[in-house]
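Biologist: I have a new model open and would like to go through it with you. Could you show it first?

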Amino acid sequence: TARVVLPLELVLQDEASPTVLNLTMNYGICELICIPATVDVHHELLQGSVEGRALIESALAEAPLPAVEAGMASITCRLDPNSEKSDMLHAEMSFAQSAPQQSTVVVEVASESVWVGQVEVGEGATPSDLRVNAVIGRFSAEPVELDLSALRFTLLTASRPLEVLGC
């Protein structure tokens, strides 16, 4: 069976006292489509316990690197009407050197009123630019205020994932 490690960083109010973690986590299991799932976790955290530390440190080492640490200089975004129930997101990322080659980009929105459709990635105006276009679908024909500063882009590159928060 496959294992998934979701590293969480906790700051305890009192490290000397026993601490119980009560967590409800909503997530998606995805292949061709995403199926929503929920899990409840109840676990007593013991002071000085190192159980699972190697797995967590390994997962953190593979976590996305903030794109600014990888040389991203700027990002600009705009949202254009696409159809009655969707908009088109256009993002242009500029890097200090060359843009990551052969990237797959995952776009996430912080709204339950919309969904992200097809994402296309291509070269921008210069070799240091990366262009991302994504369909943002609405569940109704009503307009939705999308907070561009709350968008999350994850660039899956050949070396390490990069993360961009907001436009």
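Modeller: The following exchange goes through the fold, the core and the pockets of this predicted model.

Biologist: What does the secondary structure of the protein chain come to?

Modeller: The chain comes to one helix and 10 strands. Read along the sequence, the pattern is β-β-α-β-β-β-β-β-β-β-β.

Biologist: And what does the C-alpha trace span along its principal axes?

Modeller: The trace spans about 55 × 40 × 35 Å. Of the 167 residues in the chain, 26% count as buried. Among contacts with a separation of 6 or more, 56% are between residues 24 or more positions apart.

Biologist: Let us turn to the strands. What is the order of the open sheet of four strands?

Modeller: The order is β3-β10-β9-β6, and the pairing is mixed.

Biologist: Which strands stand at the edges?

Modeller: Those are β3 (65–66) and β6. Each has a single partner strand, so one side of each is left without a neighbour in the sheet.

Biologist: Do go through the pairings one by one.

Modeller: β3 pairs with β10 in the parallel sense over two bridges, and Pro 66 stands opposite Glu 163 there. β10 also pairs with β9, in the antiparallel sense and over four bridges. β9 is in turn joined to β6 by five bridges, with the two strands running antiparallel. In that last pair, Glu 108 has Arg 152 of β9 as its bridge partner.

Biologist: How many residues lie between β9 and β10 in their hairpin?

Modeller: Five residues lie between β9 and β10. Another hairpin joins β4 to β5, through two residues. β4 and β5 run antiparallel and are joined by 10 bridges, and Pro 81 has Asp 87 in β5 as its bridge partner.

Biologist: Thr 154 caught my eye. Which strand is Thr 154 found in?

Modeller: Thr 154 is found in β9, and its bridge partner in β10 is Glu 163. Glu 163 is also the residue that Pro 66 stands opposite.

Biologist: Does Thr 154 count as buried or exposed?

Modeller: Thr 154 counts as buried, because its relative accessibility is 13% and buried means under 20%.

Biologist: What does Thr 154 touch, leaving out residues up to four places away in sequence?

Modeller: Thr 154 touches Pro 64, Thr 104, Val 105, Val 106, Glu 108, Pro 161 and Leu 162.

Biologist: Now the core. How many residues does the largest nonpolar core have?

Modeller: The largest nonpolar core has 23 residues. Those with the most contacts inside it are Ile 75, Leu 89, Met 93, Phe 95, Phe 153, Leu 155 and Val 164. At least two residues of this core come from each of β4 (72–83), β5 (86–95), β6 (104–108), β8 (129–138), β9 (152–156) and β10 (162–165).

Biologist: Is there a general background to such a core?

Modeller: In soluble globular proteins, nonpolar side chains tend to be buried together.

Biologist: Take Ile 75, then. What does Ile 75 touch, again not counting residues up to four places away in sequence?

Modeller: Ile 75 touches Ala 91, Glu 92, Met 93, Phe 153, Val 164, Gly 166 and Cys 167. Met 93, Phe 153 and Val 164 are also among the residues with the most contacts inside the core.

Biologist: On to pockets. What volume does the largest pocket have?

Modeller: The largest pocket has a volume of about 1700 Å³. It is lined by 39 residues, and those closest to its centre are Leu 6, Leu 8, Leu 10, Leu 45 and Ile 56. β1 (19–30), β2 (34–45) and α1 (53–61) each supply at least two residues of the lining. The largest share, eight residues, comes from β1.

Biologist: How do the residues of that lining divide?

Modeller: The lining of the largest pocket divides into 24 nonpolar, eight polar and seven charged residues.

Biologist: And what about the second largest pocket, where does its lining come from?

Modeller: β1, β2, β6 and β7 (114–123) each give two or more residues to the lining of the second largest pocket, with β7 giving the most, five residues. This pocket has a volume of about 790 Å³. Of its 24 lining residues, Gly 28, Cys 30, Cys 34, Glu 108 and Val 116 lie nearest its centre. By class, the lining has 17 nonpolar, four polar and three charged residues.

Note on methods: Residues numbered from 1 in each chain as written. Predicted model: local features only at pLDDT ≥ 70, side-chain atom pairs only at ≥ 80, totals over all residues. Heavy atoms only, no water. Core = buried A, V, L, I, M, F, W, Y, C linked by side-chain atoms within 4.5 Å. Buried < 20%, exposed > 50% of the residue type's maximum accessible area, 1.4 Å probe, protein only. Contact = heavy atoms within 4.5 Å. Pairing = 2+ DSSP bridges. 1 Å grid on protein atoms, 1.4 Å probe; cavity = no way out; pocket = protein on both sides within 12 Å on 5 of 7 lines; lining within 4 Å. Points joined across faces, edges and corners; volume = space filled by probe spheres on them. Nonpolar A, V, L, I, M, F, W, Y, C, P; charged D, E, K, R; others polar.
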